[in-house]
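Student: Could you walk me through a few side chains here? I'd like to start with the aromatic residues and then move on to a serine.

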Amino acid sequence: MNTLSSRDGTTIAYDEQGEGPALILVDGALTVHSSGSGSELAKLLAPHFTVFGFDRRGRGESGDTLPYAVDREIDDIEALIDRAGGPAFLYGHSSGGPLAMRAAIRLGSKVSKIALYEPPYNNDPAVQESWSQYLRQLKQALAEHRRGDAVALFLRFVGTPAEQVDGMRRAPFWPGLEAVAPTLAYDHAAILGEPWSVPAGLAARVSVPALVMAGDASLPFMPDAARVLSQAIPRGQFRALEGQTHEVNPGVLAPVLADFFTS
């Protein structure tokens with residue numbers, strides 16, 4: 001991993017591969033790029049783009065300057081764009097999508113196009129209170145330095161069975177999840193925020209072309225929210241990926257991204 005300094009002096013670790021226009025991959029909750037999770041997608045895109053993957057602040061080999069602010073994460077993306085020579089395409093997975101959308105709004109001509117896969121909004125009024133309760137419990141767990149409980153809370157909230165979570169807490173990878181637990185608040189409380197529904201007013205401020213995707217095998221609220229978001233973005237379009245869940249297959253995703261960004 002290479003490093004650069006963001007505007008506030010925070011060290012951001014990144015890697016770079018391929019040739020062509022710059023494409024920055026923005027990961028979702030708990031993902032650490034330097035652990036290799038984004039490497040397969042980057043390799044598939046490298047024949048078409050100069051692909052930048054990075055550890056978002058508070059994760060992996062990147063630093064974390066407190067207090068957290070969404071604008072500081074956008075500064076990190078801007079620093080990567082500047083390192084690339086700008087402008088750049090942005091692809092955001094899950095909660096990385098809303099961050100990429102906010103970056104496109106603030107950075108203007110530095111961002112050419114954005115693509116989002118399953119930004120985790122939910123327009124069902126019946127779930128708004130459960131989201132608010134989750135955010136309150138997450139804040140309390142992190143304030144009390146119960147990082148493991150914070151990760152478990154998130155996993156249970158997204159539907160992981162309790163007995164499976166208990167097993168995960170004994171697995172070798174669990175300390176790695178605990179290490180990045182504070183970033184759950186960054187993604188969920190700060191970037192997604194309340195209510196949990198699609199922020200149509202924010203989306204209306206996106207001026208660049210945007211592709212919003214979802215898998216047709218995901219939970220139904222995911223494609224519903226993606227479609228609503230694509231309609232709220234002035235130059236937005238929606239695409240369903242056949243047979244895909246939230247853990248999208250890089251081999252399916254990469255050609256769709258390449259076609260959108262190069263068209």
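Tutor: This is a predicted model, and one cut-off is needed before we begin: a residue counts as buried when its relative accessible area is under 20%. Y14 has a relative accessible area of 4%, so Y14 is buried.

Student: And how many aromatic pairs does the structure hold?

Tutor: The structure holds twelve aromatic pairs. In one of them, Y14 and F52 form a tilted pair, with 6.0 Å centre to centre and 35° between the planes. Because Y14 lies in strand β2 and F52 in strand β4, the pair ties together parts that are 38 residues apart in sequence.

Student: OK, is F52 buried or exposed?

Tutor: F52 is buried, with a relative accessible area of 1%.

Student: What about Y68 and Y186, how is that pair arranged?

Tutor: Y68 and Y186 are stacked, at 3.9 Å centre to centre and with 5° between the planes. This pair links distant parts of the chain, since Y68 is in the loop between β4 and α2 while Y186 is in helix α8, 118 residues apart. Both Y68 and Y186 are buried.

Student: Switching topic, where does S218 lie?

Tutor: S218 lies in the loop between β7 and α10, and at 13% relative accessibility S218 counts as buried.

Student: Which side chain does the S218 side chain make a polar contact with?

Tutor: The side chain of S218 makes a polar contact with the side chain of E118, at 2.4 Å. In addition, a polar atom of the S218 side chain lies 3.2 Å from the backbone nitrogen of H246.

Definitions and conventions. Residues are numbered from 1 along each chain as its sequence is written. This is a predicted model: local features need pLDDT of at least 70, side-chain atom pairs count only at pLDDT 80 or more; totals for chains, interfaces and linings use all residues. Side-chain values use heavy atoms; hydrogens and water are left out. Helices (H or I, at least four residues) and strands (E, at least two) are DSSP runs, numbered from the N terminus. Buried means under 20% relative accessible area, exposed over 50%, partly exposed in between (1.4 Å probe, protein chains only). A polar contact is a pair of N or O atoms within 3.5 Å; within protein, one must be able to donate a hydrogen and the other to accept it, and residues adjacent in sequence count only if both atoms are side-chain atoms. Rings of Phe, Tyr and Trp (its six-membered ring) pair if their centres lie within 6.5 Å; planes under 30 degrees apart count as stacked, over 60 as edge-to-face and the rest as tilted.
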